[in-house]
Amino acid sequence: MDDSVRMNLYRTMVLIRVFEEAILRDYHADKRPAFDIGAGLVPGEMHLSAGQEPVAAGVCAHLTADDAVTATHRPHHLAIAHGVDLEKLAAEIFGRETGLGRGRGGHMHLFDPQTHFSCSGIIAEGYPPALGQAFAFRRRGTDRIAVAVTGEGAANQGAFHESLNLAALWRLPVVFVVEDNDWGISVPRSASTCVTSNAVRAAGYDMPGERVEDNSVEAVYEAAGRAVARARAGQGPSLIEVHTLRMWGHFEGDAQAYRTDLEGVPGRDPIATYEQALRSAGLLDDGQVKTVNEDAVGRVEAAIDFAKNSPAPAPETATDYVFA
Amino acid sequence: MTTTETPATTATAPTTSARRLTTAKAMVEGIAQEMERDPSVFYLGEDVGAYGGIFSSTTGLLERFGPERVMDTPISESAFLGLAIGAAVEGMRPIAELMFVDFFGVCMDQLYNHMAKIHYESGGNVRVPMVVTTAVGGGYSDGAQHSQCLWGTFAHLPGMKIVVPSTPYDAKGLMTAAIRDDNPVVYMFHKGVMGLPWMAKNPRATGPVPEEPYEVPIGRAAVVREGGDATVVTVSLSVHHALDVAEELAADGIDLEVVDLRSLKPLDRETVLASVAKTGRLLVVDEDYLSYGLSGEIAATVAETDPGLLRSPMRRVAVPDVPIPYAHPLEYAVLPTRDRIREAVHHLVRA
């Protein structure tokens, strides 16, 4: 793999982690001593993506802003990797008028027409609209594609299976990605899913299926490269499942008492793992790690400052934008 | 790409058009003319291709426009309605058919959580210009899962416009307006107004339709019969019934005004209020369920504006809160029949 690709994968993952750590900090900053989910500068449910950076970095490295990505209730890593403007993203999370949705959407409902990025807070329901984006791209004679991402829990939903069938039937340029982080909130995949790999379900829809183990960003990159090339060539959809890691709670405030694997989580941090690999390969040293992190911190803190300094939407505009 | 000038808006049916079509044919003509005009318009759904739509909503479109633009789908409503949403987000103008509105339970998430909310959640940055066509209504013993209207359920939820034509003229004009609208529009056609050869029909299911494209504006009701004694506010097939009753009662010296709402979202409250102000009496006829629905909304509109408009208590004829029964005598006991409308009018004008 090209050294510049490897460095870009690393930079993207670091940028995502720094962003999520900043949201984590500001989310909890004014929810002390008693946690009140509706209080503070960033209210509401907050699903952060620490640990799942390899999926976003590895897949989105193959895309341009002309390609579509639909994500889930846990969308920040994919938004960042796909190039959504950090300031508008942060401002939406802070509920500001300058946000992607002018504060109407919130962190689970992000829509960016510039990068064709969107997400859905409803499990598996981000898949069907991705079909339509892919349909429109192909109808216009382009090689643009749509990437549709869900978690492993979504693979048991009807919309997941309907979408795979229709995409294969119509040979739509879609890459279906399943982020298997082992947990559907508190339910382990062993208690929800009858197959050990959702990739095998691809066979039922006559499309290639591949499972990436070990949360390896380079393995994700390779698998996504095959699926993206197939879609761009008009050969139809593919399914990739990545065995990834939810480092933090389902949402902030989740004590994770149900979780039996917590002890091992710090040792499975995919960024630390990749950093070590790149050091061993001679691509990274202390100075470069510092530079990459400082660059990320600079960009993220500028975005957070932009959000905090942006106006809140005026209450009298609450009924605007129902209709065009 | 074929382009034509967008014609001027016409709000009421012309009396001069000699050509008469069924509602179904008028609806199809509206779709076909927009497909000619705008290559981004396409139609998808179950049995909309070779069959031509179970209720003749797409007759002849496949032959004319081919399978690239008139697409039969798998029985996967979430997938193909969602596909329409994504295509609309990317600037196409899909028309997606939900064969019976009763089937919304298998795909409602795509409609109310996605189609209807994306524009708002995006702060107006993303538009979803699409039409959902769906057949509604009973009267032919199709039972509880194939006979509902449910427009109150859809109109309750923000973010989608709801149109419900009762005449061939409005069927074409509202379809044209719906396709051109930059918002999601749910187009609810009653099987009983389509003029189908295999179902009992009212003569009003055939009527004059101009050949050229035209729009009936969404959100504007029509006073389809003027009268001074009482106002009947209704929609869809019940408009036909109300007009039948009005003609009968005219012989008895009762002069009914009939308001066809045509759109439920936005709702033309002004036309309703103006009529009630004139007659002082109000009957709402609704083939949807009685409680928490259209009839209550009309009542609230009057009550919030000026309860003094009413000279006597208003009345409602709707489906009592019961699933639509199968057996003919039972079904016709709950539908808003001419008999129930006539009886309600008598109570109203005697009060």
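This is a short walk through chain B, from its domains to its two sheets, its helices and its contact with chain A. Keep in mind that the model is predicted.

Domains to begin with. The assignment for chain B gives domain 1 as residues 20-208 and domain 2 as residues 222-350. Their centres, taken over C-alpha atoms, lie 26 Å apart. The two domains touch: 27 residues of domain 1 of chain B meet 23 residues of domain 2 of chain B. Which elements supply the domain 1 side of chain B? Look at α6 (151-156), β6 (161-163) and α7 (168-180) of chain B; each gives at least two residues to that side. By class, the domain 1 side has twelve nonpolar, twelve polar and three charged residues.

Now the sheet of seven strands. It is open, with mixed pairing, and the order is β3-β2-β4-β5-β7-β6-β12 in chain B. At the edges stand β3 (70-72) and β12 (263-265) of chain B, each paired on one side only. Ignoring direction, neighbouring strands of this sheet are turned by 20° against each other on average. Go to the β12 end. There, β6(B) and β12(B) pair antiparallel over two bridges. One residue pair to find on screen: I162(B) has K265(B) in β12(B) as its bridge partner.

A helix packs on this sheet. It is α3(B), and it touches β2 (41-45) and β4 (93-100) of chain B. Its direction makes about 160° with that of β4(B). α3(B) has 13 residues and spans 18 Å from first C-alpha to last, close to the 18 Å expected at 1.5 Å a residue. Is α3(B) mostly covered or mostly exposed? Mostly covered: 13 of its 13 residues are buried. After the helix comes G91(B), with a positive phi near 100°.

α3(B) also matters for our next stop, the contact between chains. That contact takes 34 residues from chain B and 29 from chain A. On the chain B side, the elements giving two or more residues are α3 (77-89), α4 (108-115) and α5 (118-121). The largest share, eleven residues, comes from α3(B). By class, the chain B side has 14 nonpolar, 15 polar and five charged residues.

On to the sheet of five strands. This one is open too, with mixed pairing, in the order β9-β11-β10-β13-β14 of chain B. Why do β9 (222-225) and β14 (315-319) of chain B each have a side without a neighbour in the sheet? They stand at the edges with a single partner strand each, so one side of each is left free of a neighbour. From one strand to the next, the twist averages 25°. At the β14 end, β13 (282-289) of chain B runs parallel to β14(B), and five bridges join them. Check L283(B): its bridge partner in β14(B) is R315(B).

This sheet has its helix as well. α8 (237-250) of chain B lies across β9, β10 (230-234), β11 (256-260) and β13 of chain B, at about 170° to β11(B). α8(B) has 14 residues and reaches 20 Å end to end between C-alpha atoms, close to the 20 Å expected at 1.5 Å a residue. Ten of those 14 residues are buried, so α8(B) is largely enclosed by the rest of the structure. Among the buried ones are L237(B), H240(B), L243(B) and L249(B). What do the buried residues of α8(B) pack against? Their partners are β7 (185-190), β9, β10, β11, β13 and α12 (338-350) of chain B.

Terms used
Residues are numbered from 1 along each chain as its sequence is written. Chains are lettered from A and ligands numbered from 1 in the order in which they are written. This is a predicted model: local features need pLDDT of at least 70, side-chain atom pairs count only at pLDDT 80 or more; totals for chains, interfaces and linings use all residues. Two strands pair if DSSP finds at least two bridges between them. Helices (H or I, at least four residues) and strands (E, at least two) are DSSP runs, numbered from the N terminus. Axes are lines fitted to C-alpha atoms, for helices over the stretch in contact, and angles run from 0 to 180 degrees between N-to-C directions. Two residues are in contact if their C-beta atoms, placed from the backbone, lie within 7 Å. Domain bounds come from an automatic or database domain assignment. Ala, Val, Leu, Ile, Met, Phe, Trp, Tyr, Cys and Pro count as nonpolar, Asp, Glu, Lys and Arg as charged, and the others, Gly among them, as polar. The expected span of a helix is 1.5 Å times one less than its number of residues. A residue is buried if 20 or more other C-beta atoms lie within 10 Å of its own, exposed if 12 or fewer, and partly exposed in between; C-beta atoms are placed from the backbone.
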